[in-house]
Amino acid sequence: MSRRVVRFTELFFANLDEQLPAERPRDGRPSVTDFIAFDVPTLRDRLAEDLVQCTTTIPPGHNVRAYIGHGTLVSYFIAYVILRVDEVVEVVDIEIEL
């Protein structure tokens, strides 16, 4: 199986901006840039290589899938993805637990 193309939507980035600060604060919490640099590449690669095995449908039988990952600088995150008809994976939303 070939690698799928993975795209991140505007909603994904808007929700990322709501959950993390633009720059790393003095208390050391991660920033949006940190998450994009450290966790997004791994997320993209996992989804591109084996979407079905690394995600689960929510609710079962629907086209929205959830990826639960351990972050490098965050405790965990849930990325919500959709597999389009053209086999492109769209990451449409994110929930982050610090």
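**Helix α3**

I started with the course of α3 in this predicted model, and I found that the helix bends by about 75° at A48. I then checked its length: a straight helix of 15 residues would span 21 Å at 1.5 Å a residue, whereas α3 spans only 15 Å between its end C-alpha atoms.

Next I asked which residues of α3 are buried. I noted V40, L43, L47, A48, L51 and C54, so that A48, where the helix bends, is itself one of the buried residues, A48 having under 20% relative accessible area. I looked up what these buried residues pack against, and the list comprises β1, α1, α2, β3, β4 and β5.

**The nonpolar core**

I turned to the largest nonpolar core, which has 22 residues, and within which F35, L47 and V91 have the most contacts. I recorded that β1 (6-8), α1 (10-19), α2 (32-38), α3 (40-54), β4 (76-83) and β5 (89-97) each supply at least two residues of this core, and that α3 gives the most, with six residues. As general background, I keep in mind that in soluble globular proteins nonpolar side chains tend to be buried together.

I followed V91 further and, leaving aside its neighbours within four places in sequence, found it in contact with V6, R7, F8, T9, F12, L43, L47, A79, Y80 and V81. Among these partners are L43 and L47, which I had already listed as buried residues of α3.

**The sheet**

I traced the strand order next: five strands form an open sheet in the order β1-β5-β4-β3-β2, and the pairing is mixed. I marked β1 and β2 (56-57) as the edge strands, each with a single partner strand, so one side of each is left without a neighbour in the sheet.

I went through the pairings in turn. β4 and β5 pair in the antiparallel sense over eight bridges, and I noted that the bridge partner of F77 is I96 in β5. For the helices on the sheet, I found that α1 touches β1 and β5, its direction making about 10° with that of β5, while α3 touches β1, β3 (64-69), β4 and β5, its direction making about 125° with that of β3.

I then looked at β3 and β4, which pair in the antiparallel sense over six bridges and form a hairpin with six residues between them. β2 and β3 are likewise antiparallel, over two bridges. I used R65 to connect the two pairings: T57 stands opposite R65 in β3, and R65 in turn stands opposite V81 in β4. V81 had already appeared in my notes as a contact of V91.

**Backbone details in the loops**

Where is P59 found? I located P59 in the loop between β2 and β3, and I recorded that the peptide bond from I58 to P59 is cis, with omega near -25°. In the hairpin of β2 and β3, which has six residues between the strands, I also noted that G61 takes a positive phi near 95°.

I last examined E87, whose place is in the loop between β4 and β5. E87 has a positive phi of about 75° although it is not a glycine. I asked whether E87 is buried, exposed or partly exposed; at 38% relative accessibility I entered E87 as partly exposed, because the class lies between the cut-offs of 20% and 50%.

Definitions and conventions: Residues are numbered from 1 along each chain as its sequence is written. This is a predicted model: local features need pLDDT of at least 70, side-chain atom pairs count only at pLDDT 80 or more; totals for chains, interfaces and linings use all residues. Side-chain values use heavy atoms; hydrogens and water are left out. A nonpolar core is a set of buried Ala, Val, Leu, Ile, Met, Phe, Trp, Tyr and Cys residues joined through side-chain atoms within 4.5 Å. Buried means under 20% relative accessible area, exposed over 50%, partly exposed in between (1.4 Å probe, protein chains only). Helices (H or I, at least four residues) and strands (E, at least two) are DSSP runs, numbered from the N terminus. Contact means heavy atoms within 4.5 Å. Two strands pair if DSSP finds at least two bridges between them. Axes are lines fitted to C-alpha atoms, for helices over the stretch in contact, and angles run from 0 to 180 degrees between N-to-C directions. The expected span of a helix is 1.5 Å times one less than its number of residues. The bend at a residue is the angle between axes fitted to the seven residues ending there and the seven starting there.
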